[in-house]
Amino acid sequence: DLAVIVTHPWGPLGGNMHNNVVTAATLYFRRMRVTTLRMDFRGSQISRGGAEVAQVVEAADFLLRGSHIHTSSEGETSLNVA
């Protein structure tokens, strides 16, 4: 399985998860049936990026654990994102 985490440009310059490039990249991979995770960084201000890197690592761990996938007793699979 393959998953892609799409992050956004620097927030203080207006970057967010709804940026047109972020949205286009997400749609591109989704059309190829690749799991995508698009995220907004929480509490990001002017920094050297350490907190943002930690958030991407946390997102990757979320995907690697399979926490986003739920299989019902009937065998149906759904995404579970909190």
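## A tour starting at Phe29

Select Phe29, which counts as partly exposed at 24% relative accessibility, and keep in mind throughout that the model on your screen is predicted. Adding Tyr28 to the selection brings in a residue that is likewise partly exposed, with a relative accessible area of 47%. A search of the whole structure finds 1 aromatic pair. Tyr28 and Phe29 form that pair in an edge-to-face arrangement, with 5.2 Å from centre to centre and 80° between the planes. The label follows from the angle, because planes over 60 degrees apart count as edge-to-face.

Widen the selection next to helix H1, residues 20-31, whose 12 residues reach 16 Å from the first C-alpha to the last, close to the 16 Å expected at 1.5 Å a residue. At the N-terminal end of H1, show the side chain of Asn19, which caps the helix through an oxygen lying 2.8 Å from the backbone nitrogen of Val21.

Beyond the other end, pick Arg33, which sits in the loop between H1 and E2. Arg33 takes a positive phi of about 65° although it is not a glycine. Most residues other than glycine have a negative phi. The side chain can be viewed with its surroundings in mind, as Arg33 counts as exposed at 80% relative accessibility.

Now turn to the strands, selecting E1 (residues 3-6) together with E2 (residues 35-38), which run parallel and are joined by 4 bridges. Among the residues to display as a pair are Ala3 and its bridge partner in E2, Thr35. What do the side chains do along E1? They alternate, so that Val4 and Val6 point to one face and are buried, while Ala3 and Ile5 point to the other and are not buried. In a regular strand the side chains alternate between the two faces of the sheet.

From E2, select Leu37, which, leaving aside residues up to four places away in sequence, touches Val4, Ile5, Val6, Ala59, Phe62 and Leu63. Leu37 also belongs to the largest nonpolar core, whose 5 residues are completed by Met39, Phe41, Ala59 and Leu63. In soluble globular proteins, nonpolar side chains tend to be buried together.

The last stop is Leu64, in helix H2 (residues 50-65). Is Leu64 buried or exposed? Its relative accessible area is 73%, so Leu64 is exposed. Draw a distance from its C-alpha to that of Ala3, and the two atoms are separated by 9.0 Å, although the residues are 61 apart along the chain.

Definitions and conventions
Residues numbered from 1 in each chain as written. Predicted model: local features only at pLDDT ≥ 70, side-chain atom pairs only at ≥ 80, totals over all residues. Heavy atoms only, no water. Phe/Tyr/Trp six-rings, centres within 6.5 Å; stacked < 30°, edge-to-face > 60°. Buried < 20%, exposed > 50% of the residue type's maximum accessible area, 1.4 Å probe, protein only. Helix = DSSP H or I, 4+ residues; strand = E, 2+ residues; numbered from the N terminus. Expected span 1.5 Å × (residues − 1). Polar contact = N/O pair within 3.5 Å; in protein donor to acceptor, adjacent residues only side chain to side chain. Pairing = 2+ DSSP bridges. Core = buried A, V, L, I, M, F, W, Y, C linked by side-chain atoms within 4.5 Å. Contact = heavy atoms within 4.5 Å.
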